[in-house]
Every structure is written in C-alpha cells, then in structure tokens.
Amino acid sequence: GKNEYDLLVIGGGSGGLACAKEAAQFGRKVAVLDYVEPSPQGSSWGLGGTCVNVGCIPKKLMHQAALLGSALKDAQHYGWNISQPVHHTWSVMAQGVQNYVKSLNWGHRVQLQEKKVKYFNIKGSFSDPHTVRGLTKAGKETVVTADNIVIATGGRPKYPVHVAGALEYGITSDDLFWLKESPGKTPLVYYLYIVFIEIAVYICLTGASPDVSLECAGFLTGIGLDTTVMMRSIPLRGFDQASHLSKENQICFTTQQQMASLVTEHMESYGTKFLKRCFPTKVEKLKSNRLQVTWKNADLDKEETDSFDTVMWAVGRAPDTKTLNLETVGVKTNSETGKIIVDAGEATSVPHIYAVGDITEGRPELTPTAIAAGKLLAQRLFGQSSELMDYDNVPTTVFTPLEYGCVGLSEEAAVQRHGSDNIEVYHAYYKPLEFTVAERDATQCYMKMVCLREREQRILGLHFIGPNAGEVIQGFALGIKCGATYPQMMKTVGIHPTCAEEVTKLHITKRSGLDATVTGC
C-alpha cells in the first residue's frame, strides 16, 4: 500500500507494546511511537509505560519493602534476635527499584529490535487518519504513515488545579517512585482522601484510583514514615459502596465498602492516620522549605493546617490525549472523561483507528487487560481471528498492607443485577496461622463469596482481605471464569494450613446473622 507501515502503535506501555509485538509475529511491518512528557516536577522515564515505570512494578517492590519491615517485627516472636531500633534507608530501596525498572526499559527496547518493530522516541499527533507527525528531542520532524493505527497512550495523574500551590509544590505517583531521598513527612490527599506522612509527604486523591493513595500510604507507613490520609468521602470508592441501598439491604448486603473499611481499619491500627471529611484548600512553602497545607474540616466547619516535607496528590488520572489532535481526524471521546469511545473490537469512530488500555472508555485500568486486548486486536487485524476481549470476571488486588483481592461482582453490583432476594453471601473472619505466634491483630482478615441463591448457586464474586491476596484470588479467578458453583467450591479440598483454604469452608451466610468468626481447624 501507499502507507509505510501495516500498523503504527502510539504509546509504548503494556497494551501498546503487546499489540505491536503480536502484530510483528504475523510478519507485518510495525512501528511504535513513545514519548514521556516529564512531570511538572521533572520526572521522566524510559519505554514501558505506567505499569513498568510509575505503577505496578515499583509499587509492588516498595510494598514488599514494607512487608519485610513487618516481618522483622514478627521475627522476634519466632526467636530471631534483631537489634533495635531497625532503620530503613530510602535511597538504598529506591536505587534497587529504579535499577530494576531501567533494566525493564532496556528489555523492551531489545524485544522491539528482535521482532523488527521500528521504535520512534517522538511525541506524535495526527495530521490525517493515516498520518502521524512528531518532533524528535533534537527538533527534527518525523512523519509516519500506516494502514492501521492503535492509540495506547494511557493516562497521567491529575492535579487539583483549584487548590492554590498544588501544581507548584506537589508531586504525584509519577514522581514518588523516582525520588532519590525519602519524602519525609508526607500527606497523601485524594478527594476522598488525604494522606499525610509525618515525615512529610502529602497525597491528595480527588477521584479515580483511590487505591493508589492507600497503597502509597501503606508502604510509606510501613517503612517508618508517619502518614496521614485525609478522607473527603469514602475509601476505595470504585470498589464498593452501599449508601443508596435500603437500610434492610445495607444490613444484609453491605457491599464492598465493607471490605474497604476493613482495609483502612487495618492501616489505622498499624499507624496510618485518617482525617475524615476534610479537603485541602492551599499549599504554601515555608522559609524552612517545608510545605504548609491548609484544609477544611467539614465536620468541625473550620480550617486547619500542618506542615510537611512533601505533598503528593493522587486525585485520579486523565487520559493522555491532549496533543494527539483526535478531533481533526474524527476520533470520538467522552466529553466528561476525555477517554476514547471504542466498540467491543476496540475500534474507534474512525475505520482503521483503534484504542486499547487505560485510554479507552469503560475498560478496567489494569495492565493485564490492556495486554490481552492488545494481543487479541493484533490477532483480529492480521491473524484471521475473531476473538474479542472478555472484560468480565477480571481479578485484581489492592496492595495495601493487608491486601485486598477480588474477582467478579461486588455485593452491590450483584444486588443491583439480580435483586437482594436472589443473592446469597457466605463470609468468614479468619486468622492466618502466621499471625498467631507474632500475636498480630487479625480483626480485619475477612473473605466473602457472593452467589446466586438458586439451586446451582453460581459464584458471582469472591472478595478476600489478607496476606498474599493477589496469589489467593488468581487461582480462584479461573474457577469463577469457568462458572464455578458454591457446591463445587465446597467439594474442593483445601491446602492446610493456608488462608486460601478458608474459601473452601465458607458456610455462614450473612442472611443468617450468625457469627462468622472461624475457630480452630
């Protein structure tokens, strides 16, 4: 054809790279455009997108650092002599994490080269439906034409622009993972939360992805920083709410908000402070170089202030589409969210232009779904496949100090879809064996299974709070994807002694009102 490439992918994150590499497997001529606009505070990184550089990977590694700190405390109960006090050195952790991330950046470059995918480190925008133009860092214009174009530019953290000093003095998750030195006293804010870290970091979250706030607050507390979360509303808002249900339904069918509350209760018991129904109004720099945060306490109807070393905002993410010039070529977006509207086949409003990942409307903002969607799209375009991405029953985990993993429907969603009379919820409070000798509080270790109430009792959702929640949920996700039922789960033999085996023994229903605390084996 007249175009240089069979496929051009704009965005070098998980979804875009997966799509490009899969297309190359079919012998097609493929190119990837990727460019990282430095954050307002100057942070930038290499190829690989959010997950690799400023998301899942560094977050999980720092979460692990905090878990190791907890293990050191537990170790003494198991006979290990560990001299006190134990100190954490941020710079050592940061160096290790950042070195690993850089190795992943390099690995992606090598893979593209091996698969003969052309890589352009330029920021491109559409000039017509088949043409993308962009400037290199040296200012040289590059023009790329392709028969098919996939947009996979993902999102970037938002700033609460109405808060004075927010942009000037605050950081986001784009910066936190690249800090060389400890953020110190940190407030984390999210419009539903603000987290302060008494060494001085402040994270503010106003909308989507409140889990980012809680995950960061959790590991910052875990490595010894005094952290406070300011809650304007409810925790983990996207995961579970019960406010609109009748009182009867709230009693019998509290939704995942119950899970979110358990997560935050555990964080509170291990040192994270929560300021509820508060929201920030301004950030100012003091002569000491500390940052003074002013906020409104809605319950007390008064203004309050405190000073911190760092202010971190986690107020949701916005799709990175501003410079793509989408309007010119007719790619339709949701006017409220800015996300690209796609059909079941990831196609946009323009033939031959597609979109995958966080940038698409109505899709989960998760790395594995972006990867799977990108691969399947390439297979449909070049491999004579017709298989669509299935977004139902996608498992996920929030890596808070006590992890929360889930797959399928929340209670709230199940009630909305099927009616409260047609839903049965089995639940249990359990104590991990490893918590016993160390005398750790297990009050918030909890699981519940949401099922249809009819005879087959198909499992609609599983929710688990406890150690290694991601590992636990991953296995059960297969069963639920395959249509597992409650009787089948009860016939599954558990592995003893594990936390996961408690799922195979769930027998107390919420409807019964009986005590759901597990005792003995």
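This passage describes an internal cavity and a three-stranded sheet in a predicted model.

The search for enclosed spaces yielded one cavity of 30 Å³ or more. The volume of the largest cavity is about 50 Å³. Its lining is formed by Gly-154, Gly-155, Arg-317, Ala-318, Pro-319, Lys-339, Asp-358, Ile-359 and Glu-365. Strand β18, which spans residues 317–319, supplies three residues and thereby the largest share of this lining. In terms of chemical character, the lining of the largest cavity comprises four charged, three nonpolar and two polar residues. Among the residues that line the cavity are Arg-317, Lys-339, Asp-358 and Glu-365, and each of these residue types counts as charged. Ala-318, Pro-319 and Ile-359 also belong to the lining, and their residue types count as nonpolar. Gly-154 and Gly-155 complete the list, with Gly placed among the polar types.

A second feature of the model is a sheet. In general, the strands of a sheet pair through backbone hydrogen bonds, in either a parallel or an antiparallel manner. Here, three strands form an open sheet in the order β14-β15-β16, and their pairing is antiparallel. Strands β14 (278–285) and β16 (302–308) lie at the edges, each pairing on one side only. From one strand to the next, the twist averages 25°.

The pairing of β14 with β15 can be described in further detail. Strand β15 covers residues 291–297 and is joined to β14 by seven bridges, the two strands running antiparallel. Within this arrangement, Val-283 is positioned opposite Val-293 of β15.

Conventions:
Residues are numbered from 1 along each chain as its sequence is written. This is a predicted model: local features need pLDDT of at least 70, side-chain atom pairs count only at pLDDT 80 or more; totals for chains, interfaces and linings use all residues. Side-chain values use heavy atoms; hydrogens and water are left out. On a 1 Å grid over the protein atoms alone, a cavity is a set of points where a 1.4 Å probe fits but cannot get out, and a pocket is an open set with protein on both sides within 12 Å along at least five of seven lines; lining residues have an atom within 4 Å of a point. Grid points are joined across faces, edges and corners, and a volume is the space filled by probe spheres set on the points. Helices (H or I, at least four residues) and strands (E, at least two) are DSSP runs, numbered from the N terminus. Two strands pair if DSSP finds at least two bridges between them. Axes are lines fitted to C-alpha atoms, for helices over the stretch in contact, and angles run from 0 to 180 degrees between N-to-C directions.
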